[in-house]
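Student: Could we work through some of the charged pairs and the packing in this structure, one question at a time?
Tutor: Gladly; let us look at it together and reason from one residue to the next.

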Amino acid sequence: MNYIGEHLLPGQIGHFFAILSLVASLLATFAFFKSASASLDETKRPWLLLARWAFLVETISILVLFGCLYYIISNHLFEYKYAYTHSDLSLQFEYLLSCFWEGQEGSFMLWSFWHCVLGWVLIWKAGKWEAPVMTVISFAQFFMATMLLGMYFFGSRVGISPFALLRNEMDAPIFSQPNYLEFIKDGTGLNTLLQNYWMVIHPPILFLGFASTIVPFAYAIAGLAKKDHDWIKAALPWGSFSGAILGTGIMMGGAWAYESLSFGGYWAWDPVENASLVPWLTLIAGLHTNLIYKNSGYSLRPTYFFYIISFVLILYSSFLTKSGILGDTSVHSFTDMGLNAQLLLFVLIFFIPAMVLYFVRYKSIPSIQKEESTYSREFWMFIGSLVLFLSGMVIIAKTSTPVWNKVFGTNIAPPQDPEFAHNQIQIFVAIILGMLTATTQYLKYKDTPKGMFWKKILIPTIIAITISAAISIWGDISYTKKGPGFLAAIHLGIFAAVYAVVANTAYLWLGIKGKIKAAGPSVAHIGFGLALVGILISSGKKTILSWNTTGVTPLSVESKDEKGNPAGDPAENLTLFKAVATDMGKYMVTYTMDTTNPRDRKRYFEIDFKAKDGSEQFKLYPDVIKNNKGMEGFAANPAAKHYWHKDIFVYITSFQENRAADTVSFKNKTVKVNDTLFYGNGMMILNKVAVNPTELKAKYAADETALFLDMTIISKEGKQYRAYPGIALKGQELRSLPDSVISQSLVLKFNKVIDQDAGKLEIGVKESGNITDLITLKVYQFPMINLLWLGIVIMVIGFVMSIIQRVKQIQKSVL
């Protein structure tokens, strides 16, 4: 059948280059391996030249793949499944790239692209290590290429092609018609959670971090294969680069979560967050043991192990997120696309041979048998590396619960409070790392005179104790819901974090005498300490401002918490009625208006915050966007007011708009002065009847006689309101003047006088939810959260300084 309107050429080009990428990467692997194995230079050179040409073809193929897929997405060619399932006609230009990494195929393509970039840097700079290192990277490229193949071998599909046609992937009657494209008006769109500017820049940085971990891994494998341990110097700047980029990518994800996810912060120990964090922990462990070996000759064996396990954990994290196994426990994992066996093979094909080679070569790896002095820098650096590794293993073990259940048929339930399950362990990891970060740099390699160490560390210790004690005493750290023991650990953690900042700042003068070129590690440690302070204070002092004072708890627009409560605890959600100022502790808060932006299709709510003491007034604009891809309801996007010392963080948990006609009728009731009537949420008292009251003269004309009922409404929560329903009489014309109490969804109407002598009156009472719009929101206060972001920036600066220093050292040694 000839289908009408299909654009097959970009897909055919893309599929050809996907196959070419596979062949080129396999050829590059073989040629680099032959060059690395050759003993004579005249034999090495031709193989190396062939490998470089093959790698060039691989690089060109990946670039063409990118170009073809971008053309398909940007031109909305919905005959292709990838464009149909990941984009739509209304998607903004800046989010077209985000469509790449929403799907597994695009994320593998991005990963492969970064391997190509890193590969060319290695070809340029790696020297004698080029061939063995590039053998490993090209082999990884081969496996990446299989993920984009989408071809069947012996009845089994290998990979998923991003250029697959929709009619070949979906079974529907529409595809029996040659003009089926006339009926496909739009795609299913980009996941609403990904429609944020962070998701344009966060995934490329994170995948560069993922890709970069292969470089220390490849150096380690090359060193084991060649029994040459000189690779350690060349790998050191790469370890620093990978640590900096991967850490930046992870915290960009935290910033995205802070701005786009309504779990109330930047970190929730989500399984996908954990899966990216653990390789970073082991990588930093390897970076420190790398430094130990470079300066003292100790810890070469752990360095091999940490660099190997870091890349393996990257592959394992990819398996966790892309296999769909975390779909029930994570807010941003992929769905099962039928690649589970291939993803698992990707992990095992690198893990098993690498560990076999490691243990076969273990005894031949140089190791100093003499025990390190407890007053040596290398001893405590190794302890710190070991703590980082064990921390990562605890995190990945808890995260892998769904894997254990599936593999072993168990039914291990996740903890009721996942956040505390991690925090109760990691708080002590933070304490240990903070203390080690503070003190270790004051020790020399090999050994340190005790008197010298204590003399240098004394003043920073006193300063840190003073600052942390001031925070503990006057900082109102009152996180008590997990008991006094955990609160005490938080205070100890704050001391350790402050200690790390103070001691490393002092070391810039006491230890290295202000030498900028040697300051990289200290600057990175200062950043780590600041980030730790920011984490502990912002979490330990995170305050809920939106305590429920209205008693109204509408259904949430977000998913339920682990206990099944919409929007979490209803007591933590405040309902605002439109145009009604509501008490929220320090602030009077008003929902003033809302509007829908046609460009991003988000509905923005204007929330006016006014301090009761008149010191400030500001507006925030949290929004919601309608879920797509078959999901019901709306996704909430937070907004925050940033101060230097805190953030006010707010997101919508529900909203109710009343566009329908009000069909609720009035219920007539007889009442006299001082009588009490009851309604659904409280009671009302008739205080008096007033004739032509001057304070209400705006409601009636000068030639009218008006009667108003002065009424007090008292809600169940004890809030009091005044209402003045009335009537205005002019000749034989009677005009009703109803009044409403919007926050109580209450409308009152003065109908008539039943018996003037007895004082009996008739009023109409209507309780209707259709008299106003309302929203429910959750508001947090995060104190000192900017220390976290500042700490991350400073830590990355420290990494960059270290990279520059290591590269210069390598260049000097070559010259």
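Student: In this predicted model, does Asp594 count as buried or exposed?
Tutor: The model is a predicted one, so what follows rests on computed values. A residue counts as buried under 20% relative accessible area. Because Asp594 has a relative accessibility of 15%, Asp594 counts as buried.

Student: Which residue forms a salt bridge with Asp594?
Tutor: The partner has a relative accessibility of 10% and counts as buried. Salt bridges that share partners join Lys578, Asp594, Arg603 and Asp773 into one network. Within this network, the closest N and O atoms of the pair in question are 3.0 Å apart, and the partner of Asp594 is Arg603.

Student: How many residues apart in sequence are the parts that Lys128 and Asp230 tie together?
Tutor: Lys128 and Asp230 form a salt bridge, with their closest N and O atoms 3.8 Å apart. Lys128 is in the loop between α5 and α6, whereas Asp230 is in the loop between α9 and α10, so the pair ties together parts whose separation in sequence is 102 residues.

Student: How far apart are the closest N and O atoms of Asp583 and Lys612?
Tutor: Asp583 counts as partly exposed at 28% relative accessibility, and Lys612 counts as partly exposed at 47%. These two residues form a salt bridge, in which the distance between the closest N and O atoms is 2.6 Å.

Student: Which helix gives the largest share of the largest nonpolar core?
Tutor: The largest nonpolar core has 163 residues, and Tyr219 and Ile308 have the most contacts inside it. The largest share of this core amounts to 15 residues, and the helix that provides them is α10.

Student: Is Ser112 buried or exposed?
Tutor: Ser112 is placed in helix α5, which covers residues 104–125. Leaving aside residues up to four places away in sequence, Ser112 touches Glu58, Ile62, Gln141 and Met144. Because its relative accessible area is 3%, Ser112 is buried.

Student: Which residue takes a positive phi in the hairpin of β21 and β22?
Tutor: Strands β21 and β22 run antiparallel and are joined by eight bridges, with Asp755 standing opposite Lys760 in β22. Four residues lie between the strands of this hairpin, and the one with a positive phi near 75 degrees is Gly759.

Key
Residues numbered from 1 in each chain as written. Predicted model: local features only at pLDDT ≥ 70, side-chain atom pairs only at ≥ 80, totals over all residues. Heavy atoms only, no water. Pairing = 2+ DSSP bridges. Helix = DSSP H or I, 4+ residues; strand = E, 2+ residues; numbered from the N terminus. Core = buried A, V, L, I, M, F, W, Y, C linked by side-chain atoms within 4.5 Å. Buried < 20%, exposed > 50% of the residue type's maximum accessible area, 1.4 Å probe, protein only. Contact = heavy atoms within 4.5 Å. Salt bridge = Lys/Arg side-chain N within 4 Å of Asp/Glu carboxyl O.
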